[in-house]
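Biologist: I am new to this model. Please show it to me, then set out the ground rules.

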Amino acid sequence: MSISRFTAAVVLILMSATFSTPNASAQSVSTSAPTGTADVAKEPKLQHFDPDLVDKTLDPCNDFYKYSCSKWLTANPIPPDQVYWSTGSGLELWNENLLRQTLEAASKDDPARSAVQQKIGDYWAACMDESGIDAAGLKPLQPELDRISALKSKKDITLEIVHLQHLFPGAWQQGDNESNSPFFGFTGQPDYDDASKVVAQIDQAGLSLPNRDYYLKTDDKSKELLDKYRAHVQKMFVLAGEPETQAAADAGTVITLETAMAHAQMDNVKRRDPKNVNNKMTLAEVRALTPSINWDEYLKAVKAPAADHYIVTAPDFFRAEEKLLIEHSLDDWKTYMRWQVIHRSAPYMNKEFVDENFDFFARTLAGAQTQQPRWRRCVRAADRDLGDALGQAYVDRAFPPASKVRMLQMVHSIETALRADIQGLSWMSPATKEQAMVKLKGIEDKIGYPSHWRDYSAVRITRDSYLNNVSQATSFEFERWVAKIGKPVDRTEWTMTPPTINAYYDPQLNTINFPAGILQPPFFDPTKDDAVNYGAIGMIIGHEIIHGFDDQGRKFDAHGNLRDWWTAEDAKQYDERGKCISDEYTQEVPEAGPGVKQNGLLTQGEDTADNGGIHLAFYALEAALKQEGKSLDDKGPDGWTYRQRFFLSNAYSWCANVRPQIARLIVTTDPHSLPVFRIDNVLSNMSEFQQAFGCKAGQKMVRANACRVW
Ligand SMILES: [Zn+2]
């Protein structure tokens, strides 16, 4: 779970797990796997960089992504249960298969099982028990629906919010999906002005669709999706036992309330600037903002320690929510809460719910054709809910100490490359350079897995109810974060589990974090030489380090405090360079459909990190070769120069077939550019690339107005 709002990740590999809403994604389905899929799972294959996949009939200077990837893309169509299929997808399956073996072994009814094995084993057994879940029908849901019916007045809503936030993953904070808690999000996070302390954060929320645009945009495609959402909400109410006419009216109420909340939300570009969300309020001010929520009762119920201030990310949202709470009847709010319960329970319920949830959130919104096999959904849910318990076993099996040693060497050499880059900058003054060096020196490198493992002994897991297990784990995580409020920040905390195929920079801890899950082929390949590794994982390392210096990260200092360490002139110089990037990436995205346009202001941080990251990795490779007495233009064993193999490996690690539906979703909600742009836009800005393949001015991979920040 991602807690720090500005935590900047690198990859979209786990698209299906991170991008359909928390509900649809990790668990979409109910039917058992088609045999073909199951067979693949038996022997999942890791993809290794292979320069023979280059299509030499194409011109590398016209479209390098196509030159490097088209053969792979043709040979690897998207499986029907996927929305995205990349060179990293084999790794995703490989990782999940290892986790599955651990879970299956732990689920054997063996009296010698350890407490940790009992938890992950019983979690697995309860999740995989489809027939038991189907037989239980509405039973797990009914007590929750009854609770809501029994609410007597609007005054009861506050405590019901607390209850709901304990029930479902993501119900208490935004996590990877913005604004998807019911009513609002609440958690602990480092204070913007003093990152050594944890403070309470109260965040806008309330939606079920991926973000506010889905409610507010008025183009035909957006209206069509909202109509389909309305039909989906209605069907779900029917499944929960409502008559058709009632369900139709209730769907209308849900959409009215969610649309009103969407209107009141700060948009995702504005939210990228930490100054816009760093609104400190006293408890008295919070009370005055939304008097209809009894904040004293709320804070007591979630056991939040008293605090001298609270961060309210979007005060306007809470003013609007107050108005809505006054204007709408208790019955309307009961309908909204019933929807929240039904919608958020769906992935853990019987086949009808799972199928209908899949149909809208995975098929319509993301483009999946069939549901993923249940085992994959259960593995990902277990990773989300008991990540450290599973992660320990993963690390033992898949992350040898030698990998950590080599990774650390690469990280250090890339940090050295940034040091040299900063020192050589013509546009930055010595005063700002000195501050930048302090920040760089302060970065803590975290590789593979946390220094200590989370203790799950307080989480009660049984074989009886999958839904209840998910709620137990959610409560544990919610309370764990709230308990941090008022305490010193725990710098050892990770917000990704060890098997995760991703990486992140945390600006408030000033750490770069590389889970063991991504330190595997094709990203990190112990069987390959430096050119291949720097092109793939090296670029990712550089990307994370640059996040500390992108348009958002540069606003935080070495200690993670929101503090301006730039001279006015240097900041101006930076903004000019940043604007070049955001203008470049404000572009048509035909992959997502006609007329769909990327907002370069939303993706500016990630694009800056991509562009800077590859430069740093390239310089680090150059230095590594020099140490061995080699040069970039020497030929490697396969006839390509090291310089060429670096860029080929870089492109190879991002080859991905992407369905138009998920492409549209990414462009609307995600701060990352699509893979094709992460190669072609970046390399067309880069003379080192153009030199590698002899590209000339006027060719597509040579951008006339090349951007360069780092
Ligand atoms: Zn990133």
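Modeller: Helices (H or I, at least four residues) and strands (E, at least two) are DSSP runs, numbered from the N terminus. This is a predicted model: local features need pLDDT of at least 70, side-chain atom pairs count only at pLDDT 80 or more, and totals for chains, interfaces and linings use all residues. Residues are numbered from 1 along each chain as its sequence is written, and side-chain values use heavy atoms, without hydrogens and water.

Biologist: Is Val83 buried or exposed?

Modeller: Val83 sits in the loop between helix 3 (64-75) and strand 2 (84-86). Buried means under 20% relative accessible area, exposed over 50%, and partly exposed in between (1.4 Å probe, protein chains only). The relative accessibility of Val83 is 5%, so Val83 counts as buried.

Biologist: What separates the C-alpha atoms of Val83 and Thr370?

Modeller: Along the chain, Val83 and Thr370 are 287 residues apart. In space, their C-alpha atoms are separated by 9.9 Å.

Biologist: How many helices and strands does the protein have?

Modeller: Take the frame before the parts. The C-alpha atoms fill a box of roughly 75 × 60 × 55 Å, taken along the principal axes. Within the protein there are 29 helices and ten strands.

Biologist: What is the radius of gyration of the protein?

Modeller: Start from the globule rule, which is 2.2 Å times the number of residues to the power 0.38. For 710 residues that rule gives 27 Å. The protein is as compact as a globular protein of that length, because its radius of gyration, taken over C-alpha atoms, is close to that figure. The value is 25 Å.

Biologist: What percentage of the contacts with a separation of 6 or more comes from residues 24 or more positions apart?

Modeller: Contact means heavy atoms within 4.5 Å. Burial first: of the 710 residues, 64% count as buried. As for those contacts, residues 24 or more positions apart account for 77%.

Biologist: What is the strand order of the open sheet of four strands?

Modeller: Two strands pair if DSSP finds at least two bridges between them. The pairing in this sheet is mixed. Its order is 3-4-6-5.

Biologist: Which are the edge strands?

Modeller: An edge strand here pairs on one side only. That holds for strand 3 (184-190) and strand 5 (280-281).

Biologist: Which helix packs on the sheet?

Modeller: The helix touches strand 3, strand 4 (198-204), strand 5 and strand 6. Its direction makes about 55 degrees with that of strand 4; axes are lines fitted to C-alpha atoms, for helices over the stretch in contact, and angles run from 0 to 180 degrees between N-to-C directions. The helix, residues 315-327, is helix 15.

Biologist: Which residue in strand 6 is the bridge partner of Ile202?

Modeller: Seven bridges join strand 4 to strand 3 in the antiparallel sense, and there Gln201 faces Thr187. Strand 4 also pairs with strand 6, in the parallel sense, over three bridges. In strand 6, Ile202 is matched by Val312.

Biologist: How many residues of strand 4 are buried?

Modeller: Strand 4 is mostly covered. Of its seven residues, the buried count is seven.

Biologist: How many residues of helix 22 are buried?

Modeller: Check the length before the burial. Helix 22 (residues 466-482) should span 24 Å at 1.5 Å a residue (times one less than its number of residues), and its end C-alpha atoms agree at 25 Å apart. Helix 22 is largely enclosed by the rest of the structure, because of its 17 residues the buried ones number 14.

Biologist: What do the buried residues of helix 20 pack against?

Modeller: Helix 20 (residues 401-424) reaches 35 Å from its first C-alpha to its last, close to the expected 34 Å. Its buried residues include Met407, Met410, Ile414 and Leu418. They pack against helix 21 (430-442), strand 7 (444-448), strand 9, helix 23 and helix 25 (604-627).

Biologist: What is phi of Phe183?

Modeller: Phe183 lies in the loop between helix 8 (157-167) and strand 3. It is buried, with a relative accessible area of 0%. Phe183 is not a glycine, yet its phi is positive, at about 65 degrees.

Biologist: What is omega of the cis peptide bond that joins Pro521 and Pro522?

Modeller: Pro522 belongs to the loop between strand 9 (511-515) and helix 23 (530-547). For the cis bond joining Pro521 and Pro522, omega is about 10 degrees.
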